[in-house]
Amino acid sequence: MNFIVAVQALADEGVDFVIIGGWSAILHGSSSVTNDLDICYSRNSDNLKRLASALAAFHPRLRDLSQDLPFVWDQATLPNAAILTLSTDLGAIDLLAEVSGLGGFEDVKAHSILVQAFDREIWTLDLPALIRTKRVAGRAKDLQVLPELEGLLEAGEPE
Amino acid sequence: MKTRHNPTPDRLARAEDLLRNPRPGSRIEAAQKFGIDLTLLIEKLRLSPAERVRRMHDAANAAEQVRGAARRDRT
């Protein structure tokens, strides 16, 4: 996953998005490994247009779609699903319109922080919200990272 | 708007102290007992978010090179 190029492309296109999942954990200091970039995005129609444009150059396809079947990537594709799991030239990218434990994009953004990285400003979940989403997701890989994230949270808490 | 600022030296020193000397019953101690290497967390906290991402990229690239070499050896 080329996280840096993906995030720069999204930011440069002006996409309203929040980094969630494993890369958010990494931004907070986790040593966990992740294979895909999970982002929550605004379903505002202008934003859908920007999102479609930002990723078009990286040839997104649905990961669970047979290679033989045609797939058109455009703005019209985006409102059709709450979650799109994409394979791109940059690696796997998952697009979520909602996040379990938090809600829709505005709820997610309200629990996010702005981080300066790669000459861009990018939003990512704050640590308490990230912990909440991992706990709610409840999969083994989510639960496994919880002790580390809880430790990071405690280490950063004020006296 | 909440902006993530780099921790002050005092805040970072306190975080490092907590990670080096976990308090009994703390979440940090629980993480240690779970198997988390707290020295790695100390190292990561000293980095900026961008540096953390770059380290992860470097590690992933190194792992991919090892996997590639292993695949070549098998063929």
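Helices here are DSSP runs (H or I) of at least four residues and strands are DSSP runs (E) of at least two, numbered from the N terminus. All the views below come from a predicted model.

**Figure 1. Confidence across the two chains of the predicted complex.**
Let us start with how sure the predictor is. The complex as a whole receives an ipTM of 0.87 and a pTM of 0.92. Chain A has an average pLDDT of 94, and 100% of its residues score at least 70. Within chain A, strand 1 (residues 17–20) has the highest confidence, at 98, and strand 3 has the lowest, at a mean of 92. For chain B the mean pLDDT is 89, with 96% of residues at 70 or more. Helix 2 (residues 27–34) of chain B is where confidence peaks, at 97, while helix 4 (residues 49–74) of chain B has the lowest mean, 85.

**Figure 2. The largest nonpolar core, with A:Ile19 among its best-connected members.**
In soluble globular proteins, nonpolar side chains tend to be buried together. The largest nonpolar core in this model has 37 residues, and those that touch the most other members are A:Phe3, A:Ile19, A:Leu37, A:Leu51, A:Leu55 and A:Leu95. Helix 1 (residues 3–12) of chain A supplies the largest share of this core, 6 residues. Pick out A:Ile19 and follow its contacts beyond four places in sequence: they include A:Phe3, A:Val7, A:Leu27 and A:Leu37, together with A:Ile122, A:Trp123, A:Thr124 and A:Leu125. A second core, separate from this one, has 32 residues, among them A:Cys40, A:Val108, A:Trp123 and B:Leu38.

**Figure 3. Helix 2 of chain A, enclosed by the rest of the structure.**
How many residues of helix 2 of chain A are buried? The count is 8 of the 8 (residues 21–28), so the helix is largely enclosed by its surroundings. The buried residues are A:Gly21, A:Gly22, A:Trp23, A:Ser24, A:Ala25, A:Ile26, A:Leu27 and A:His28. Just past the end of this helix, A:Gly29 adopts a positive phi of about 115°.

**Figure 4. A:Val5 on helix 1 of chain A.**
A:Val5 belongs to helix 1 of chain A and is partly exposed, at 30% relative accessible area. Setting aside residues up to four places away in sequence, A:Val5 touches A:Phe58 and A:Leu90. Its C-alpha is 11 Å from that of A:Leu37, which is 32 residues apart from A:Val5 in sequence.

**Figure 5. A:Ala52 in helix 3 of chain A.**
Is A:Ala52 buried or exposed? With 7% relative accessibility, this helix 3 residue counts as buried, because the cut-off for buried is under 20%. Beyond its neighbours within four places in sequence, A:Ala52 contacts A:Trp73, A:Asp74, A:Gln75 and A:Leu78. Take A:Gln75 as an example: A:Ala52 and A:Gln75 are 23 residues apart along the chain, but their C-alpha atoms are separated by 5.3 Å.

**Figure 6. A:Ser87 and A:His59 in contact.**
A:Ser87 sits in strand 4 (residues 83–88) of chain A and is partly exposed, at 34% relative accessibility. Apart from its neighbours within four places in sequence, A:Ser87 meets A:His59, A:Pro60, A:Arg61 and A:Arg63. A:Ser87 and A:His59 are 28 residues apart along the chain, with 8.1 Å between their C-alpha atoms. A:His59 itself is in the loop that links helix 3 (45–56) and strand 3 (61–62) of chain A, and at 53% relative accessibility it counts as exposed.

**Figure 7. Positive phi at A:His59 and A:Asp119.**
Most residues other than glycine have a negative phi. A:His59 is not a glycine, yet its phi is positive, about 50°. A:Asp119, also not a glycine, has a positive phi of about 60°. A:Asp119 lies in the loop between strand 8 (112–117) and strand 9 (120–125) of chain A and is exposed, with 77% relative accessibility.

**Figure 8. Helix 1 and helix 3 of chain B, packed together.**
Two packed helices are described by the angle between their axes and the distance between the axes. For helix 1 (residues 9–20) and helix 3 (residues 38–45) of chain B, the angle is about 170° and the axes are 9 Å apart. Helix 1 and helix 3 of chain B are therefore roughly antiparallel. Helix 1 of chain B contributes B:Leu12, B:Ala15, B:Glu16, B:Leu19 and B:Arg20 to the contact, and helix 3 contributes B:Leu38, B:Leu41, B:Ile42 and B:Leu45. Sorted by type, the residues of this contact are 7 nonpolar, 2 charged and no polar.

Terms used
Residues numbered from 1 in each chain as written. Chains lettered and ligands numbered in written order. Predicted model: local features only at pLDDT ≥ 70, side-chain atom pairs only at ≥ 80, totals over all residues. Heavy atoms only, no water. Core = buried A, V, L, I, M, F, W, Y, C linked by side-chain atoms within 4.5 Å. Buried < 20%, exposed > 50% of the residue type's maximum accessible area, 1.4 Å probe, protein only. Contact = heavy atoms within 4.5 Å. Axes fitted to C-alpha atoms, helices over the stretch in contact; angles between N-to-C directions. Parallel < 35°, antiparallel > 145°, perpendicular 65-115°, else oblique. Nonpolar A, V, L, I, M, F, W, Y, C, P; charged D, E, K, R; others polar. pLDDT = per-residue confidence, 0-100.
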